[in-house]
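Reader: I'm new to this one, and I'd like to zoom in on a single part rather than tour the whole thing. Could you walk me through the small neighbourhood around one strand pairing and the pocket beside it?

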Amino acid sequence: MKIIISKNHYAPFNIASEEFLFENFTDSIFLLYQNEKSIIVGRKQNALAEINLDYVQSNSLPVVRRLSGGGAVFHDKGNLNFSFIIRNVDGVENDFARYTQPIIDVLQNLGVNACLEGRNDLTIEGKKFSGNAKYFRGNSLIQHGTLLFDSNLSDVSMALKADPLKFQDKAVKSVRSRVTNISEHLETPLSMDEFETLIVQHILTIHPDSDTYEFSQEDETKINELIKTKYGNWDWNFGKSPQYNYSKKIRTIGGNLEVMMDVKSGIIEDFKFYGDFFTKKDLDDLEGKFIGLKHNHTAIEGLLDQLDINDWFINVNRTDIMAIMFE
């Protein structure tokens, strides 16, 4: 087994590195990494339905879709992420026990009563500190998880806060659990680096034939190319969201304004304005201009740059349109 500790803290890089290692190496791998503030969503999730968009944009947080399923998670430098990439897996394992047990062992050796609870969560005294997910293809497996060590829990709740009533879809919904930091339960204070070292030492005990590996310049070039084509790309991170229906209603100077739209693979397929506002002309032509656009700020702002909303509405402006299109 190769043990890799990523020195990069950019979320798209580390998520892309998992796919790069999965596709290009034949050895089993144990990967550890920390990300700057970011949100990682599951493969089948509606990214927009999982995040607090205002908070994400105001804090310039990357939102990255991973290969595996499961729910959305918040990362920061107080969160340590571990990933097992395993070869020659004998069948599909339905539980998460095998590759979470090493983490539980380390924590129990530190006097922390950690355990696997429910489907895929690691908990301490009933509070979640780790969510885990899997991705299978052929006879290879990725199983990875988060470890809240000293994370800013207020950021966690803010970043993932979204109004579920605004979205109705078939996407997997993140289960909002009570969470805790590992550091709160340690008998003796420990730094993140010390905790990371203990985990690596334990993996070496379990797999004594393991060796450490650092990404080469060639590896990093290929990972960065994967960021450019996939993990830093709107089409993957948001466009892969399942079909969803979006609606929002606001009060404007011109009256109540509501929008309802159907979005598939991130593209607006149906779009309608409703409300008690007054118009200068029929809205069918304007509504049609939104169809086929990506449901993101860049696309909508680009359209509005080409239009004068005052041609259609009385006392409804561009700012109102942007406010109604996004949370």
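**Around Val63**

Author: Let's start with one pair of residues: Ile39 stands opposite Val63, which belongs to β4. Keep in mind that this is a predicted model. The strand on the other side of that pair is β3, residues 38–41, and three bridges join β3 to β4, with the two running parallel.

Now step back to the sheet. It is an open one made of three strands, ordered β4-β3-β5, and its pairing is mixed. β4 and β5 (73–75) are the edge strands, each pairing on one side only. From one strand to the next, the twist averages 30°. As a general point, strands of a sheet pair through backbone hydrogen bonds, either parallel or antiparallel.

There's a helix here too. α1, residues 11–24, lies across β3 and β4, and runs at about 5° to β4.

Back to Val63, and on to the pocket. The second largest pocket holds about 350 Å³ of space. It has 21 lining residues, and those closest to its centre are Val56, Leu61, Val63, Trp234 and Phe238. So where does the lining come from? At least two residues each are supplied by α3 (53–58), β4 (63–65), α8 (234–237) and α10 (297–305). α3 gives the largest share, three residues. As for character, the lining of this second largest pocket has 13 nonpolar residues, eight polar ones and no charged ones.

That's how Val63 ties the two views together: Val63 sits opposite Ile39, and Val63 is also among the residues closest to the centre of the second largest pocket.

Key: Residues numbered from 1 in each chain as written. Predicted model: local features only at pLDDT ≥ 70, side-chain atom pairs only at ≥ 80, totals over all residues. Heavy atoms only, no water. 1 Å grid on protein atoms, 1.4 Å probe; cavity = no way out; pocket = protein on both sides within 12 Å on 5 of 7 lines; lining within 4 Å. Points joined across faces, edges and corners; volume = space filled by probe spheres on them. Helix = DSSP H or I, 4+ residues; strand = E, 2+ residues; numbered from the N terminus. Nonpolar A, V, L, I, M, F, W, Y, C, P; charged D, E, K, R; others polar. Pairing = 2+ DSSP bridges. Axes fitted to C-alpha atoms, helices over the stretch in contact; angles between N-to-C directions. Contact = heavy atoms within 4.5 Å.
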